[in-house]
Amino acid sequence: MPSLSAGYLAVFTVGIALRVLISWVSAWGESLIDVLEFATPLDRLDLLRELHALFRFTNASPQDVWGSLTQHHSPLLLILPTNLISDPFLSAVAWIAVDVVTGVTLAKTAEILRSRSKNKAVSLSPVLVAACFLLNPYAIAACVAKSMSQVRTCLIMISLLGAIRGSSQLLVLSHVLNSTLFFTPIMFTPIFALLGSDSYADYGSWRSKFGLRRVDAWYVFLRKFVWHASLLLMASLIASYLLSGDPNGAFVRSVYGSRFLADDLTPTIGLFWYFFVEMFSHFFSFFVMVVHVHMWIYTIPVLLKYRTDLVFGLTILLGVQCLFEAYPCVGDTAAFLAIWSLSYGRLADYLRYPMVSFMLFAYTTLLFPVFRYLWMYAGSANANFYYAINLVHGMGIGSVILDAVWAWGRERWEDERHIQEAPKDLQGSVRLIVQQ
């Protein structure tokens with residue numbers, strides 16, 4: 001854990017206290033579990049409780065359980081103790097602990113990045129980075145509602161820390177587990193692999209080995225990552241198959257296929273569900289494919305454009321996933337904003353519309369519960385009202401992404417201008433300082 005200070009203690013104490021208080025007021029989060037903004041149809045805790053009940057307290061056939069296409073949690077989660085899932089108090093404590101681990105991981109990541117930066121004045125302090133997650137209302141709400149998005153966020157942050165430290169074991173374990181449980185994090189595999197290789201080549205323990213060059217160390221880490229990740233992924237899928245109890249492997253279609261084929265069109269805060277509710281059935285499959293290809297196709301251009309700043313590239317990819325994935329919730333938005341805080345310090349002076357982005361999020365935060373109530377309970381509104389707020393929320397995410405991309409490009413342009421203005425005999429030294 002990062003070195004303790006008054007700032008750390010204050011941020012973590014307030015973050016934990018808010019989660020405990022709101023959980024207690026909401027019957028340890030039980031009244032928020034099914035709220036649309038906080039938990040998606042595929043990430044609800046009550047669905048995991050149902051899966052545990054079907055396998056441990058009934059004689060339900062595994063073929064029927066997975067063949068019904070209503071169970072979307074990985075069979076690996078059957079390893080968890082049932083009491084940890086079913087007991088309201090224990091589950092609330094578990095989710096708060098997950099958020100604390102996420103906060104600690106973010107702070108440690110920020111601390112490492114700051115120690116490697118030549119200009120520490122332009123980086124947010126680790127305390128502020130931790131606060132951007134622990135005190136974020138979206139993260140607090142998703143934690144109290146016990147959304148599985150918080151587990152996904154925690155594993156993403158651990159993977160990022162493993163990549164920055166050049167630790168293949170930590171990176172492989174967290175990323176493969178995340179990909180096995182939720183599948184969509186596999187989108188970040190190329191960035192994690194390259195970021196881990198770069199970190200190991202620049203700061204890894206290989207330097208103590210005689211005769212190993214930097215480029216050799218880079219390839220050693222990359223080969224190790226690919227080999228170990230492939231083996232662990234195969235082992236995870238085999239374990240999932242055995243735990244599912246279904247010899248036909250129907251869990252693959254129910255757990256992973258449902259994230260692509262849109263089996264459940266329950267409303268979320270995303271842009272996906274309303275479009276496909278209105279879609280003609282004979283166009284359905286085609287446009288499902290188009291929507292998913294559109295999200296995944298960003299991986300290559302983002303990787304190429306931000307090859308020299310992979311942490312920022314991961315930020316953009318996570319924002320794109322929040323905006324275009326089929327089943328998002330506010331916990332995913334909190335994860336995007338938390339990782340964005342790692343780059344915010346040095347790009348803040350180049351942002352054009354931070355107030356607009358902030359107001360869009362504030363607007364949607366206030367009106368999400370209002371329009372949901374008017375539509376589903378009062379009956380004085382319809383789905384168009386709720387989807388309009390979804391669009392505004394998407395505009396907020398898009399505004400942050402576009403503003404961040406502009407700021408990154410503007411920062412690089414300013415750096416190049418400083419290099420060009422320097423005397424020719426000093427340009428190489430200035431370029432090296434700017435890059436560092």
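Start at helix H12, residues 251-261 of this predicted model. Phe251, Ser254, Val255, Tyr256, Gly257, Ser258 and Arg259 are its buried residues. What do they pack against? The partners of this buried set are helix H3 (62-67), H9, helix H11 (214-244) and helix H14 (281-296). Keep H9 and H14 in mind, as both come up again below.

Step just past the end of H12 and you hit Ala262, which takes a positive phi of about 55°. Ala262 sits in the loop between H12 and helix H13 (273-277). Is that residue buried or exposed? Ala262 counts as buried because its relative accessibility is 7%, and the cut-off for buried is under 20%.

There's another non-glycine residue with a positive phi of about 55°, and that's Trp28. You'll find Trp28 in the loop between helix H1 (6-25) and helix H2 (45-56). Trp28 has 24% relative accessibility, so this residue counts as partly exposed.

Back to H9, which covers residues 168-182 and holds Ser174. Ser174 is buried, because its relative accessible area is just 5%, against a cut-off of 20%. What does its polar side chain have for company? A polar atom of the Ser174 side chain lies 3.3 Å from the backbone oxygen of Leu171. Leaving aside residues up to four places away in sequence, Ser174 touches Leu155, Ile158 and Ser159.

Now for the nonpolar interior. In soluble globular proteins, nonpolar side chains tend to be buried together. Here the largest nonpolar core has 90 residues, and the members that touch the most others are Leu160, Phe188, Phe192, Phe312, Ile316 and Phe336. Take Ile316 as a sample: with residues up to four places away in sequence set aside, Ile316 touches Val302, Tyr306, Ile401, Ala404 and Val405. Apart from the largest core lies another one, made of 22 residues, including Ile33, Cys143, Val151 and Leu181.

Next, the empty space. Rolling a probe the size of a water molecule over the atoms shows where such space is left. The count comes to three cavities of 30 Å³ or more, and the largest cavity holds about 100 Å³. Which residues line the largest cavity? They are Asp43, Arg152, Phe183, Thr184, Arg259, Phe260, His292, Met295, Trp296, Glu325, Ala326 and Tyr327. H12 and H14 are the elements that give two or more residues to this lining, and H14 gives the most, with three. Arg259, one of the buried residues of H12, is in this lining too. By class, the lining of the largest cavity divides into six nonpolar, two polar and four charged residues.

The second largest pocket offers about 680 Å³ of space. Its lining has 22 residues, and those closest to the centre are Asn136, Leu337, Trp340, Phe358 and Phe361. Where does the lining come from? Helix H6 (126-134), helix H7 (137-144), helix H17 (330-347), helix H18 (354-378) and helix H19 (383-421) each supply at least two residues. H18 gives the most, with six. As for chemistry, the lining of the second largest pocket has 17 nonpolar, four polar and one charged residues.

Notes
Residues numbered from 1 in each chain as written. Predicted model: local features only at pLDDT ≥ 70, side-chain atom pairs only at ≥ 80, totals over all residues. Heavy atoms only, no water. Helix = DSSP H or I, 4+ residues; strand = E, 2+ residues; numbered from the N terminus. Buried < 20%, exposed > 50% of the residue type's maximum accessible area, 1.4 Å probe, protein only. Polar contact = N/O pair within 3.5 Å; in protein donor to acceptor, adjacent residues only side chain to side chain. Contact = heavy atoms within 4.5 Å. Core = buried A, V, L, I, M, F, W, Y, C linked by side-chain atoms within 4.5 Å. 1 Å grid on protein atoms, 1.4 Å probe; cavity = no way out; pocket = protein on both sides within 12 Å on 5 of 7 lines; lining within 4 Å. Points joined across faces, edges and corners; volume = space filled by probe spheres on them. Nonpolar A, V, L, I, M, F, W, Y, C, P; charged D, E, K, R; others polar.
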